[in-house]
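Good morning, and thank you for the time on today's agenda. I would like to take you through some helices and one helix pair.

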Amino acid sequence: MEEREGEVRWDGLCSRDAAARDAALDTIGQAVLRRAESIASGAAADGLPVPAARDGLGEALARLLMLSKRCPFPDVREKSEAILSGVQELGIRIPRPLGHGPSRFIPEKETIQVGKEDATMHTLFAESFATLGRLDNVTLVMVFHPQYLESFLKTQHYLLQMDGPLPLHYRHYIGIMAAARHQCSYLVNLHVNDFLHVGGDPKWLNGLENAPQKLQNLGELNKMLAHRPWLITKEHIEQLLKTEENSWSLAELIHAVVLLTHYHSLASFTFGCGISPEIDCEGGHTFRPPSVSNYCICDITNGYHGVDEIHASPAGSIPVSSTESVCEVEALMEKMKQLQECRDEEEASQEEMATRFEREKRESMFVCSSEDEESAATRDVSRHFEDTSYGYKDFSRHGMHVPTFRVQDYSWEDHGYSLVNRLYPDVGQLLDEKFHIAYNLTYNTMAMHKDVDTSMLRRAIWNYIHCMFGIRYDDYDYGEINQLLDRSFKVYIKTVVCTPEKTTKRMYDSFWRQFEHSEKVHVNLLLVEARMQAELLYALRAITRYMT
């Protein structure tokens, strides 16, 4: 089976028309079974044991496995299973999934099961499948919050597939560059496939130095946006726009900046929610048979240690009784009530508010995990970006001081939104809608409590993230942050936002222990959007300064 021929055939499965999907699967099934029969008969003639899937058959079987488990259309799931059974009857081993569910942090039984979703979620699943050609694990975790997911998918579709300043293969390559800065092999692998699918040159994937100079020039902006956005100046923008050869237009640069910030923040979500590899990607399936204990040594080397271990309490963690956890929730609600009463009684002076911001910004530098270790980027990912030693640094370390970024002087609402919309029409509106949904999303619940106003808590999380980036809101009392966010929660937030590749299940488990998984995913949506907006503010301010 030729890979490129196979890719053309898979496209028909994305149709919303059942007859078209059925015809596409018939074609795929015939091609797969022909190839399987050829391999099986060849092995039998040579007197060989159970033959292995080869010559592209393995990739096709992995794709069919994914469709049998993750396609929102029942007809495709059933027919994919039938094709796999037909291959198995020929004596060829078929793959099985590694791991359990879309997240390593969330038990599969607590996620939305494909085939058991309600009508609203089914519409979202079908839309995602038709757009992406798959129902990916990010979607299956984000769907805890359908309103946000709809906005996210619409924005991502526009950035990657609709008319815009950049050609399609550039868009996916920029996604690879951005995800690689955080060693996010999950996103890199997805976009390598998409890059090739839209006609990208495979040589570019051998390393950034093999890509066009224009994309190489973007490397500096990519690393600063990902790790130290406060260092971006109008001179960096000028270098990209005024290079005689390989220069960027303003519209192209805005498109690139939005893509970079989108994938930096999506890497945060991927690590923050423990997203598993896709079933049909490396690490998502195996052709080895299961052992009696339900996993074997080959699974361990692929990072799978069995469902019980994955979702057990991490070694070294202190068991917490449900009573203690309930007390945590009650204490947090009581603090929110007290802070609201204090707000109503007295308001701090502007000087005091500024002092509290500086104190919180300074303290955020010392929030770090005891598990903080240097992660070495693997060759497969690190080749997509330059200067692998460049990472997050607190901006006041080593005596370096960066002036506070006052939102009153440059904000998304008053400045960034209009600049993006002017140079890349409709994208400003899409981003604005996504920011607002994430910031305002609420079900008025906290763990087991209902009818709770969570706006104070949501604002504290958002503003704490911006505070870590030096961004200050003059009308916010930063003293509230220490009241509402405990140390384990701050460690999780800072890790997911600044060094997401270092996020562990222990960190995820250790904050808000009595809260639902959907509420922890909700936190991650706030982290994603607050981070993206912070990066955008620094980049767009530099572009504005260049233009004026």
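I shall speak about three topics in turn: a helix pair, a short stretch around one helix, and a further helix.

Please bear in mind that this is a predicted model.

I begin with helix α21, residues 455-468, and helix α23, residues 487-498. Their axes come within 11 Å and cross at roughly 55°. The crossing angle lies neither under 35 degrees nor in the range 65 to 115, and α21 and α23 are therefore oblique to each other. The crossing of α21 past α23 is right-handed. Which residues of α21 and α23 meet? From α21 they are Ile461, Tyr464, Ile465 and Met468; from α23 they are Phe489, Lys490, Ile493, Lys494, Val497 and Cys498. By class, the residues of this contact comprise eight nonpolar and two charged, with no polar ones. As a general point, an α-helix has 3.6 residues a turn, so residues three or four places apart point the same way.

I turn next to helix α9, residues 185-197. From first C-alpha to last, the 13 residues of α9 reach 18 Å, close to the expected 18 Å. The buried residues in α9 include Tyr186, Leu187, Val188, Leu190, His191, Val192 and Phe195. After α9 comes Gly199, with a positive phi near 95°.

Finally, helix α25 covers residues 517-547. At 1.5 Å a residue, its 31 residues should span 45 Å, and the end C-alpha atoms are indeed 45 Å apart. How is α25 placed relative to the rest of the structure? Of its 31 residues, 26 are buried, so α25 is largely enclosed by the rest of the structure.

Methods. Residues numbered from 1 in each chain as written. Predicted model: local features only at pLDDT ≥ 70, side-chain atom pairs only at ≥ 80, totals over all residues. Heavy atoms only, no water. Axes fitted to C-alpha atoms, helices over the stretch in contact; angles between N-to-C directions. Helix = DSSP H or I, 4+ residues; strand = E, 2+ residues; numbered from the N terminus. Parallel < 35°, antiparallel > 145°, perpendicular 65-115°, else oblique. Left-handed = near helix turned anticlockwise from the far one by under 90°. Contact = heavy atoms within 4.5 Å. Nonpolar A, V, L, I, M, F, W, Y, C, P; charged D, E, K, R; others polar. Expected span 1.5 Å × (residues − 1). Buried < 20%, exposed > 50% of the residue type's maximum accessible area, 1.4 Å probe, protein only.
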